[in-house]
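Trainee: I am new to this structure and would like a close look at one part of it. Could you pick out the salt bridges and walk me through them?

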Amino acid sequence: MHVGVFHTASLVYPLDDEPPVLTTFSSCLRPQACWAPAEAARLIVMHPDGNSMQLVVSTYELRAKKSKQEVEIVDSVKPPNLMRSHGSQVLLLVSGLQLVLFSIHGLQLAAFQDHQRPITSVWVHEYRRHRSQKRWNECSEVILLQSGAWLRGLHHIQDIFTLAACAEGNLYALMLPQLQLVSRVTAFPNVPVQLLSSPDCQWVFASSQNSDLEPKVFHTASLVYPLDDEPPVLTTFSSCLRPQACWAPAEAARLIVMHPDGNSMQLVVSTYELRAKKSKQEVEIVVQQIASFLLPDSVKPPNLMRSHGSQVLLLVSGLQLVLFSIHGLQLAAFQDHQRPITSVWVDPSRVITSSLDLSLRVYVWKKENKFPVLKSCYHLLGGSHRWASGYMHVESDSMSIVGIEARSVGTSVLRSFCFKVERG
């Protein structure tokens, strides 16, 4: 059965013996559709492709072309109108498709990963305002040969790049907005790669999950501006096997790594400062360890690790959120959730945790003495456990909080909370 769009005027002001004005979309069988709310007549339709039965998302602009005798509906296909990202990155799981959204310097990127096929599609749009006008550039797409679950945006000197790490162990550097392939490096052969970019975008920490391969730190300039026949500049952390890591956000290149101790297998948290030592012939990476401590036996092995400022470390172990200084001083411990914590958001103002108990917990930083103090404030509830299995991810900005609530049927829902702003 075909899809039809009616011109409303022909329904509410019908002419004698004249049928309503409509157009059909013959290729859009069994569709799902919605209108873009910021546009007058932009229709987005998702439907199976006629040949492969793969789902296709098509976007149309409609207008009425009037003549003396008749009204004709004209539709024109536009590039997909990508969803806006919230914060730096949002991850949605919808019917087996993984959708990663993030924005950087006016560019919106989306990566669609189909778990049933080993490919990832990356889309990019440019969004600019000029004299109250919106302008979208042409849509670009790149298909990576293997599944890629990790994308990071970088602003380096005057250029903008994205790094894509893929399941076969390759690291791609792509220039935006053209998505031009700049370099390709094998970080870990046939092993999925995870990426962490430093706050100044000069360094990229690459590690392999559940592997005994040594993690590496790449000098970003050697990836995005590669020299002919020259390998990228990197260093390895030979003693940090199976690591978890994060960058201290208030420092340009302070890396905090948690890894098993080589002898006792007790967890060690080590903090490093990185800098590039340049000579006429080459760039050398200088790594200096500035702090280290053994994680107490009272803290279970963490599954999440974040940092605040330059000296505070946040660790999540099951139901518990624990704060340490980089020298091992325990600053606080919270256990406000009834079920395991699934993600944690940290910014200069607050900390937000999501949990399988279908709640978000909000904490606020208070500046006291040498270290900031974290205060537990309130919680936000989700839907019903009858339909949902819990919150899987949370992000925030200065105006709102967005949580991804996983449904038992395999889909997920975005739930948004807005901060109340009082104007005096």
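Mentor: Happy to! Let us begin with Arg 254, which counts as buried because its relative accessibility is 12%, and the cut-off for buried is under 20%. Please keep in mind that this is a predicted model.

The side chain of Arg 254 meets that of Glu 273 in a salt bridge, with N and O 2.7 Å apart. This pair links distant parts of the chain: Arg 254 lies in strand S22 (residues 254–260) and Glu 273 in strand S23 (residues 267–278), 19 residues apart. Glu 273 has a relative accessible area of 21%, so this residue is partly exposed. The bridge therefore joins a buried Arg 254 to a partly exposed Glu 273.

Now widen the view. A search of the whole structure finds four salt bridges, and Glu 405 takes part in a network of them together with Arg 407 and Arg 415. Glu 405 counts as buried, because its relative accessibility is 1%. One of its partners is Arg 415, with the closest N and O atoms 2.8 Å apart. Here, too, the pair links distant parts of the chain: Arg 415 sits in strand S35 (residues 412–418) and Glu 405 in strand S34 (residues 400–407), with their positions ten residues apart in sequence. Arg 415 is partly exposed, at a relative accessible area of 24%. Glu 405 also forms a salt bridge with Arg 407, where the closest N and O atoms are 3.1 Å apart. Arg 407 is partly exposed as well, with a relative accessible area of 27%.

While you have the structure open, you could also visit Met 305 in strand S25 (residues 304–308). Met 305 is buried, because its relative accessible area is 3%. Leaving aside neighbours within four places in sequence, its contacts include Ala 245, Ile 256, Val 257 and Leu 314. Ala 245 is 60 residues from Met 305 in sequence, yet their C-alpha atoms are 6.9 Å apart in space.

The strand that holds Met 305 belongs to an open sheet of four strands, in the order S25-S26-S27-S28, with antiparallel pairing. S25 and strand S28 (330–334) are the edge strands, each pairing on one side only. On average, neighbouring strands of this sheet are turned by 20 degrees against each other, direction ignored. S25 and strand S26 (residues 312–317) pair over five bridges, and Leu 304 has Val 316 in S26 as its bridge partner.

How values were computed. Residues are numbered from 1 along each chain as its sequence is written. This is a predicted model: local features need pLDDT of at least 70, side-chain atom pairs count only at pLDDT 80 or more; totals for chains, interfaces and linings use all residues. Side-chain values use heavy atoms; hydrogens and water are left out. Helices (H or I, at least four residues) and strands (E, at least two) are DSSP runs, numbered from the N terminus. Buried means under 20% relative accessible area, exposed over 50%, partly exposed in between (1.4 Å probe, protein chains only). Contact means heavy atoms within 4.5 Å. Two strands pair if DSSP finds at least two bridges between them. Axes are lines fitted to C-alpha atoms, for helices over the stretch in contact, and angles run from 0 to 180 degrees between N-to-C directions.
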